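Good morning, colleagues. My topic today is a single protein–protein interface, and I would ask you to keep the structure in view while I speak.

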Amino acid sequence: MLLRLRTIILKERKLDFKLGIIARPGSALSNKTGSFRSEIPVFKHEKCTGCDLCIYYCPEGVVFGDKKTKTYNFDDDYCKGCGICAEECPVDDIEMFLVEK
Amino acid sequence: MLTNILTKEDTHKQLFTMGHTGCSGCAQSMAVKLIMQVLGKNTIATSATGCLEVFSTKFPESSWNIPWIHSLFENSAAIASGIEAALQITGKKDGTTVLSQAGDGGTADIGLQALSGMFERGHDVLYICYDNGAYMNTGYQRSGLTPYDSFTTTSPSGKISFGNNRPKKYMPEIAMAHKIPYTAVASAGYPIDLQKKVKKTLSIKGPKYLQVDVPCVPGWKYEPRYSVKIAQLAVQSGLYPLFEAEYGKITSVKKISKRVPVEEYLKLQGRFKHLFKNEAGKAEIEKIQKIADENIEQYGLL
Amino acid sequence: MKKVLEGSMAISDSIRMTEPKVISAYPITPQTHIVEHLSQMVADGDLKAEYVMVESEHSAASVVLGASACGVRTYTATAAQGLLYMEEVIYNIAGMRLPVVLTVANRAVSAPISIWNDMQDSMALRDSGAIQLVAENNQEAYDMHIQAYKIAENPEVMLPVMVCVDGFVLTHTFEVVETIDHIEKVREYLPPLNMKYTLDINNPFSFGTVGEPSVYLETRFRLSNAINNSKSIIVDAANDYKEMFGKYEGALIDTYKMDDADTVIVAMGSVLGTIKDVVDELREAGKKIGVLKIRAFRPFPADEIVNALKNIKNAIVIEKAVSLGKGGILSCEIRDALYQRRINSVNVNGYVMGLGGRDITPKNIYDLIIKAEKEEDVDGEFFGLNNELLNKVF
Ligand SMILES: Cc1ncc(C[n+]2csc(CCOP(=O)(O)OP(=O)(O)O)c2C)c(N)n1
Ligand code: SF4
Ligand code: SF4
Ligand code: SF4
Ligand SMILES: [Mg+2]
């Protein structure tokens, strides 16, 4: 019994101690949070003024777009469907739809 | 101010990345994202135990693209002090920002002693308090920054109670009393103002205190899409004055652009719904209006 | 060089030789002289370190935690209530695998408040993951702090090391101490700290993540292995030190006059001095008695202790701490080590003595030996009580 304990210990010596305490930077990207969502935004590209508010306000930081082309969009792998972008778009150019499950 | 986020790839390169497990609509995660955009990559951050720490660093995942450390609930400012001391003695401090973060509980309650020590010793640290007005991570219990009459799970409303019966602690004034170089209050509802204040801290040496109002979806009990709206109503009603102060003296305030009665703010949130049931509740709303009026008067918000 | 030094001076001087970059502490008797000396060294430029004057022990430990995570050598010191106040952070430093060295100027714990010596404070931290070494005299306190960094910073260990020195008995007493003349020699023994993971803007990692049930058990298993493995590194540190500086006070344990002994007194810390004097006298009178010194209490050197005790009849354990509601701590662990190895020929008797600074005199020890040899399996009985006081009505 004691002998077995000691051999496990010896093998452990070769490992470092990241387990459970240190994570790699930005590794959360591997967690695709889009799956929680019950609603999804649609960027209509009709009246957009390029104000960037949807970029500022998105809590996940998934909205991107170009002031020049005014074709804003979002990364649906991570969007949690909170609806803030749609609620805050000053010209109602974003609409929320229910996700069919 | 905002770094150009033109493509999907740009969104993946943020210093505080998506993939965290915060609630849908969490204003705290919105604020952190905005703050990191300004502070840049030469930042070392600490977080106290709380929602942000838990939702951003579930092993082996982390949303932080900067060096970041969490230790305990009450020592964010002390850990940051140690980091700053280590950077100073090794000549690495210049050009590096030390950011210390905590929730309202980790700041104004259990972490107040460590924070006061950090201020008084004059460490070159930016301290940010994400104020969602309760201990959200443990299930919405009352903190010293819970507003008057708010329902929390330890200050519930009931047959003989309207919820939290004490006013919110004036935490920014406590910071200002340390005569630190910079104190500011900002809101997730006003990202440009928030980023401007964060930017300002970059040019100031010494301790800086920034408190940000960050609505919390399940704690305040509202639909996720209203996070920004509610944050803005807090400011426009006078309940959450935004200002800046240097060495203990107020230097600027964000004026109210469209004043609203507090009722507008309260009625969107389940944590205040008990105030809308009867006459006695109405009287309570009047008391809250009085708090707002006093703020407007005291800070010259109009 | 040989100097007459107060224990606190010896400790601060050896800390100076290890060149910590960040020191943070909060004053508490009997640790104060150590941190006062260090403050003076920083004020005089003799030690180039940031001395962070914090508002509490919780922050002192947190400051060294933060600094250590940046990859610099750090130091703190405390005692009693201060150590208990730090407890939460010490568990964290160990869990985060940071090589902080701290001195505990061992002192009794309240209530009633007492500034005097016993080991209850460090005993309360025995499960924290911090390595605990116990010094017998000022010379050993000097040497042990240098070894402590060598152990803590070993890449296979990466754990805090707590050096326990008896408050007042050592911290405030002058003894001859042979100090190291050349800091270069210390640098050679103790190379600069080189950590694999640090808070570094050019290589950002996230420290102190959330350990879900799916990883926590394994994380703690690794921690447990690290402290168990540190035994061989503690031995190496002591041997290397002997080779370099010619001083050796034991590694995990040390034995004194134990060949052919049938009774052995087991103890830790400064009380060993008095015990050895008594044993010398008894030896002269023809008694087969020796002393077993426990130098490392965590990791617990069970194999070494059993090896040292397996052929004797009586082990008399003198403890300056008690597990309330259980009894002896050291004696219980020794009994367990023997039992695990199925050795039942050794009678282990544990006695709690000297709490709160009560003198342990040669006569006490002598009386105890006579009593203990007639008893069996005593588990942390209080010895040296003043019965008159106990029965007095106040
Ligand atoms: C010493 C200690 N006491 C209590 C807790 C439990 N605890 C963890 S987070 C937390 C609440 C955090 O509240 P706050 O600082 O406001 O941050 P939020 O989660 O609301 O963002 C509490 C009470 C703890 N981790 N440590
Ligand atoms: S719904 Fe919410 S998460 Fe999705 S893009 Fe809009 S603001 Fe971002
Ligand atoms: S908020 Fe609306 S108008 Fe403004 S950029 Fe986004 S989509 Fe365009
Ligand atoms: S509980 Fe509140 S603060 Fe915490 S993640 Fe959810 S919305 Fe954010
Ligand atoms: Mg909170």
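Across the interface of chain C and chain B, the rule finds 13 residue pairs in polar contact, both residues at pLDDT 80 or more; a polar contact is a pair of N or O atoms within 3.5 Å, where within protein one must be able to donate a hydrogen and the other to accept it, and residues adjacent in sequence count only if both atoms are side-chain atoms.

This is a predicted model, in which local features need pLDDT of at least 70 and side-chain atom pairs count only at pLDDT 80 or more, while totals for chains, interfaces and linings use all residues. Residues are numbered from 1 along each chain as its sequence is written, chains are lettered from A and ligands numbered from 1 in the order in which they are written, and side-chain values use heavy atoms, leaving out hydrogens and water.

Which elements of chain C give two or more residues to the side that touches chain B? They are strand 3 (50-53), helix 3 (57-69), helix 4 (80-95) and strand 9 (206-207), where helices (H or I, at least four residues) and strands (E, at least two) are DSSP runs numbered from the N terminus. Helix 3 of chain C supplies the largest share, eight residues.

The rule also finds one salt bridge across this interface, meaning a side-chain nitrogen of Lys or Arg within 4 Å of a carboxyl oxygen of Asp or Glu. It joins the side chains of B:R121 and C:E55, at 2.9 Å from N to O.
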